[in-house]
Amino acid sequence: MQDSSLDQNVHWFRHASPYINAHRGRTFVIHLDGEALRSPGLRELIADIALLNSLGVRLVITYGARPQLREKLERRNLCWQEHQQRLIVDATRLQAVVSCVGSLRIELEARLSMGLANSPMHGAGLRVMSGNLITARPLGVREGVDMHFSGEVRKVQVKSIQSLLDQGMLVLLPPLGYSATGEAFDLNAEEVATSVAIQLGADKLLLFGDAEGLKDSEGQLIRDLTPTDAEMLLPELSDQPILQRHLRAACQACRRGVARTHLLSYQRNGALLQDLFTRDGDGTLITQQRYETLRQARIEDVGGLLALLAPLEESGVLVRRSRERLEAEIERFMVIDLDGSIIACAALYPYPDQHQAELACVVVDPEFRHGQRGDLLLESIQKQAQASGIQQLFVLTTHTAHWFLERGFVPASVEQLPAARQALYNWQRNSRVFCKNL
C-alpha cells in the first residue's frame, strides 16, 4: 500500500518544481527583524535560507537589532533616547551598537555556515560574506537635536555585492554603515533592506516580523495589495510597530522598482518556503506599480489586443482572430494594462459540463517579458477557473511547449479534450496538447 505521506511529499515537490526553476538566478533580499533572531524558529528559518542558496537563489540578508540593543543599553545603564523615531547614538551608545550588531553578525554567520543540519547538506560550505558594503552619512542636527552617530544610507556598493553574488556567496549586511572619513554609523535596519533591494534591482524583498501579514476588519489575512491601498492601512498599525515599519518599507521598495515585497512571520514554521514554492503563498504580498494593472478586458481594449496579437498571428504562432470575434469574446480575456496600453493577455474558454477549460492567447509584448507577467496572467486565469468549478486546464500550442511544461502542464492527447473542442481541432496545424489539473 502506498504511503500517504510519501504521496504528499511527491505531490508538493512536483508542484514546487516550476517555482524552483523560476527562482533560480533571481536576487532576493531577506530582512530579519531583531525579534526574529531570538525566536525559537530561527534554526528552521536559517535552514530554509540555506536551502534557497543551494537552489541557486542569489541572497542578501539584512537584520535588525533593536531588542538586543535595548537590553545591552540597560545592562550598561544607558537610556534609550529617540528623536524622530531614531535612537540618538552618541559615542558611548555607539560602542554598545557596534558590540551588539557585531555579536549578532558572528552568530548569524556561524548558523548559516552549518548548512542544513541533519541532512546531506550539513556543513556543505555555504559561504557568507559581509563587510563595508554600505556607505553612510550622519543624520546631523534634526530640529535642534544632534543625532551624533545616527546615520542614513548614502550608497550601496552594488558592484561589490553583485560580484559576491555571482560567486555563489550569501551576502550578510548589518544595520551599520561607514563614512569616507572612517566613522561608523547606526542605520535603520529597514532602510538598509529597502535601499539594497532597490539599488540591486532585486526581484523580491521579504520582511520577517512578528505578524503573519496584514488583516482586514474581520481578522482575515489580506493576501495582496497595491502600495496605494497598503499605505492607507499604516495609521491603523500604531499598536504593531514592527509590522508598521515593515509595511512602510515594503511600499517604498515597491514604488521604487522592486516587483514584489512580502510581509511574512518568523513565527510560522516554513513561511519562507510556503511563500516561494506554493501557488497561494504566505503572508501579505505588496505588488504592482500604480500604472500597471491586471484586470478583465473591456470592449475598448479590442484595438490594443489586435495590435498585441497581430505579430504572432502573422508568424503562425496564433490562429488569426478577427475584430468581430474579439469583440464577441472580450469577456474571456484578462489583460495587463500599462498606463493605457495592453502589454499582455490571456483567455479562458470553459467547458463546464466536462469541468475543463481552454487556456488560450497567452501573449506578452516582447519588450515586457522580463517581469513574470505571463505567470501573473496564468495565476489569475487559474483562480478564475477554480472559482467556476473547473478542475482541469488544457492548452494547444505549436511554439511554446516548454513554457507550459515548466509551469505544471503535462502532455496530453486530442482525445482528452472535450468533444466540442475535438471537433474544432485543426489537424493541419498539429498543435500539441497539454493539461494541468487544478
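Two strands count as paired when DSSP finds at least two bridges between them. Keep that in mind as we walk through this predicted model, starting in its sheet.

**Stop 1: the middle of the sheet**

Select strand 15, residues 260–265. Strand 15 and strand 16 (residues 284–287) run antiparallel and share four bridges; to see the register, show His262, which sits opposite Leu285 in strand 16. Now turn to strand 13, which pairs with strand 15 in the parallel sense over six bridges. Here Leu207 faces Leu263 of strand 15 across the pairing.

Are the residues of strand 15 buried or exposed? Six of its six residues are buried. In a regular strand, side chains alternate between the two faces of the sheet. Colour Arg260, His262 and Leu264 for one side, then Thr261, Leu263 and Ser265 for the other, and you will find both faces covered.

**Stop 2: out to the edges**

Zoom out to take in the whole sheet. It is open, has eight strands in the order 5-10-2-1-13-15-16-14, and its pairing is mixed. Strand 5 (128–129) and strand 14 (224–225) are the edges; each has a single partner strand, so one side of each lacks a neighbour in the sheet.

Go to the strand 5 edge. Strand 5 runs parallel to strand 10 (residues 170–173), joined by two bridges, and Met129 is opposite Val171 of strand 10. Next, add helix 6, residues 189–200, which packs on the sheet and touches strand 1 (27–32), strand 2 (58–63), strand 10 and strand 13 (204–209). The direction of helix 6 makes about 180 degrees with that of strand 1.

**Stop 3: a pair of helices**

Two packed helices are described by the angle between their axes and the distance between the axes. Select helix 2 (residues 42–54) and helix 4 (residues 91–113): their angle is about 60 degrees and their axes are 9 Å apart. The crossing of helix 2 with helix 4 is right-handed.

Which residues of helix 2 and helix 4 meet? Show Leu42, Arg43, Ile46 and Ile49 from helix 2, and Leu108, Arg111 and Leu112 from helix 4. This contact comprises five nonpolar residues, no polar ones and two charged ones.

**Stop 4: helix 3**

Move on to helix 3, residues 66–75, and show its buried residues: Pro67, Gln68, Leu69, Lys72 and Leu73. They pack against strand 4 (86–87) and helix 4. Just past the end of helix 3, click on Asn77, which has a positive phi of about 60 degrees.

**Stop 5: a buried loop residue**

Select Met147, in the loop between strand 8 (145–146) and strand 9 (151–156). At 1% relative accessibility, Met147 is buried. What does Met147 touch, leaving out residues up to four places away in sequence? Its contacts are His83, Arg86, Leu87, Ile88, Val89, Leu139, Gly140 and Arg142. Try a C-alpha distance too: Met147 and Asp90 are 7.4 Å apart in space, although 57 residues separate them in sequence.

**Stop 6: the cysteines**

How many disulfides does the whole structure hold? The search finds zero. Select Cys100, whose sulfur lies 16 Å from the closest cysteine sulfur, in Cys79, which is too far for a bond. Cys100 is also buried, at a relative accessible area of 5%. Finish at Cys361, which is in no disulfide; its nearest cysteine sulfur belongs to Cys345, 5.6 Å away. Cys361 is buried, with 5% relative accessibility.

Key. Residues are numbered from 1 along each chain as its sequence is written. This is a predicted model: local features need pLDDT of at least 70, side-chain atom pairs count only at pLDDT 80 or more; totals for chains, interfaces and linings use all residues. Side-chain values use heavy atoms; hydrogens and water are left out. Contact means heavy atoms within 4.5 Å. Axes are lines fitted to C-alpha atoms, for helices over the stretch in contact, and angles run from 0 to 180 degrees between N-to-C directions. A crossing is left-handed if the near helix is turned anticlockwise from the far one by less than a right angle, and right-handed if clockwise. Ala, Val, Leu, Ile, Met, Phe, Trp, Tyr, Cys and Pro count as nonpolar, Asp, Glu, Lys and Arg as charged, and the others, Gly among them, as polar. Buried means under 20% relative accessible area, exposed over 50%, partly exposed in between (1.4 Å probe, protein chains only). A disulfide is a pair of cysteine sulfur atoms within 2.5 Å.
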